[in-house]
Amino acid sequence: MPVNLTQNAIPAINAGDLNSKPLLQVLDIKLIGSQERYRFLVSDGATTQHAMIATQLNDRVKTGRVRKGSVIQLIDYICSTVQSRKIIVVLNMETIIPDCETIGNPTMFVESDSGAQNPVPSNSFVRPPVAVNDNYGTNNKNTSARNTGNNMQSFPPTVQPPYQPPPNYKIHGAIMKNEAPARIIPISALNPYQGRWAIKARVTAKGDIRRYNNARGDGKVFSFDLLDSDGGEIRATCFNAVLDRFYEIIEVGKVYLISKGSLKPAQKNFNHLKNEWEIFLEATSTVDLCPDEDGSIPSQQFSFRPISEIEIAENNSIIDVIGIITAVNPSVSIMRKNGMETQRRILNLKDQSSRSVELTLWGDFCNREGQNLQEMVDSGIFPVLAVKAAKVNDFSGKSIGTISSTQLFINLDSSEAQSLRIWFDRGGKNTTSQSISRDINPGGPKNEIRKTVSQIKDEGLGRSDKPDWITVKATISFIKTDTFCYTACPLMIGDRQCNKKVTRSGNSRWQCDRCNQEIEECDYRYLLQAQVQDNTGLTWVTAFQESGEEILGCPAKELYFLKYEEEDDVKFGEIIRGSLFAEYLFRLKIKEELYGDEQRVKITVVKAEKVNYSAESKRMLDLVAKVHYR
């Protein structure tokens, strides 16, 4: 099928024609910059010009659908000025012919000083549209005849007047001054090469005002997240005077028309949205509230992941998760490293993936949604909680926590929430879920494997590159009581407590070498050395804070004061003896570590549960049934 390139398309685009949907040929493709953007050299048969394609079109190049020689049709495009040069920005295109020889003898388009785009003298012939046969593997006997000589196709010339841009683009000041209303484009099409743009989007999140101090002086900043009808998301940020203009205007849930801002690469350390750009609003920017509700723009967009997938999620990654709240711990005060106090509250979520996870609420979340959730759970109501933008932490297992941009939705009106509710009410409440927090390793099912004490040594567990995670049913036969805990730093580093050992720096103060600060009060954390045994042998294990509390049944601080402050050896001894010779299911982490010049296998208790004999009997019966079946 013969295809004609659109005559004078490049001068027309430069003059402001953005509706003709021209056919052009790609003469060259280059990958530029660290943001993986492609630059084309396109031709209309007579003139050429550089064009940038939007990143959502990159796959067209990577898969070979568009390559050197391809004839394409521009569907959606604009013409922007970048460093005093005009460049075509292609937002959407279609491939007409995947590959063909160069059409015509085009030269680079140059805009004259008078503003007329006229690459061909008025008294000369203009090369007509060139027909190209799409042969696609057919044998055409005329092909070699047409391609002889200079390998260029030749047609009888016809006289055609040169292109003259429409006069209204020259005499109307509004358009010459770039004051015409900007076209509304999808968020996914935004890029730094556009001179004028507008987006229509809903505010899905609004951050607090943050103050900073750097070499330029003091300042303030806030950001808000936007979502449009195509599902595109982007963050907008305002500083100082621009913040004063827009902070009170922006409301979560409202739809706005936003234009005239600069686009810069998103800082992925602070921006979790799936967009490589971020909008920085300026003094000339406009933010106009759309009074009529736009039902085509969703109120929020989620990308939920099952709790089981959090086991393999990268540390510090940002995810969306939804689950049933099964437990809410009281809110406690935590001292941050900067000396400021904050609140922390830990919740437990479970879902249909047979896994549960700890969610840590920080700051205002503890007293707002956290208090509401605790009242609901205490009254026997187990709500569905959707968490937008939770941060993954891999300290001793996997957990998630809130950050400044996190949003919590209680009993969300969505299909995912309804499915969870039905599952929970129809038996999910009574199903057992394995926690991926504190007591598991992302290495997979090894933490489910039952072993005996003797197998730890016989099978050389812990001597590979990665630790082994096993479960052992055993009895505690001895606990060292001379050093059962240590004094720890209570300051916060990020969203985690320091926990490093502190020493006395005076009569009433403690010194943390890691934080390089003195504190009034320290924390007390378990460091239990215990001997456990089963019918096959015995071994030494180490139990830290949480597992120590599970074994002894009281906080380390309480036991420390009982022994060293009150000197009540009788009551202290009763607590220790109460933990001996009781059967536990120990979740163990086994890893060979270097102590001085000696390699030793370290066995750490990450969870200790008293044996549930009913569940244990059922497990043994199931094992017997499997053996009998074989």
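Biologist: Which residues touch the most other members in the largest nonpolar core?

Modeller: The general idea comes first: in soluble globular proteins, nonpolar side chains tend to be buried together. In this predicted model, the largest nonpolar core has 44 residues, and Ile476, Leu559, Phe586 and Leu588 touch the most other members. Strand β21 gives the most to this core, with 5 residues.

Biologist: What does Leu588 touch, not counting residues up to four places away in sequence?

Modeller: Its partners include Ile456, Trp469, Ile470, Val472 and Val541. Further along the chain, Leu588 also touches Ile603, Thr604, Val605 and Val606. Another core, of 32 residues, lies apart from the largest one; Ala313, Ala390, Ile400 and Leu408 are among its residues.

Biologist: Now the rings. How many aromatic pairs are there?

Modeller: The count is 16. Take Phe478 and Trp540: their ring centres are 6.0 Å apart and their planes stand at 90 degrees, so this pair is edge-to-face. You need one cut-off to follow that: planes over 60 degrees apart count as edge-to-face. Phe478 belongs to strand β21 (residues 468-479) and Trp540 to strand β30 (residues 537-543), so the pair ties together parts that are 62 residues apart in sequence.

Biologist: How much of Phe478 and Trp540 is accessible?

Modeller: Phe478 has a relative accessible area of 41%, which makes it partly exposed. Trp540 is partly exposed too, at 38%. Trp540 also has a charge over its face: Lys480, at 5.4 Å from the ring centre. Elsewhere, Lys264 lies over the face of Phe280, at 5.0 Å from the ring centre. And if you like clusters, look for Phe484, Tyr524, Tyr560, Phe561, Tyr564 and Phe572, which form one aromatic cluster.

Biologist: How do I read a helix such as α10? Which of its residues are buried?

Modeller: Look for the buried residues and check where they point. In α10 (residues 415-425) they are Ala417, Leu420 and Phe424. These cover an arc of only 60 degrees around the axis, so they sit on the same side of α10. They pack against β13 (318-328), β15 (341-350) and β17 (384-393). Just after α10, Gly427 takes a positive phi of about 130 degrees.

Biologist: Where does pLDDT stay under 50?

Modeller: Over residues 113-178, for one; the model has 85 contacts for that stretch beyond four places in sequence. Residues 439-447 are below 50 as well, with 21 contacts beyond near neighbours in sequence. For the whole protein chain, pLDDT averages 81, and 83% of the residues score at least 70.

Note on methods. Residues numbered from 1 in each chain as written. Predicted model: local features only at pLDDT ≥ 70, side-chain atom pairs only at ≥ 80, totals over all residues. Heavy atoms only, no water. Phe/Tyr/Trp six-rings, centres within 6.5 Å; stacked < 30°, edge-to-face > 60°. Helix = DSSP H or I, 4+ residues; strand = E, 2+ residues; numbered from the N terminus. Buried < 20%, exposed > 50% of the residue type's maximum accessible area, 1.4 Å probe, protein only. Lys NZ or Arg CZ within 6 Å of the ring centre and 35° of its normal. Arc of directions from axis to C-beta. Contact = heavy atoms within 4.5 Å. pLDDT = per-residue confidence, 0-100. Core = buried A, V, L, I, M, F, W, Y, C linked by side-chain atoms within 4.5 Å.
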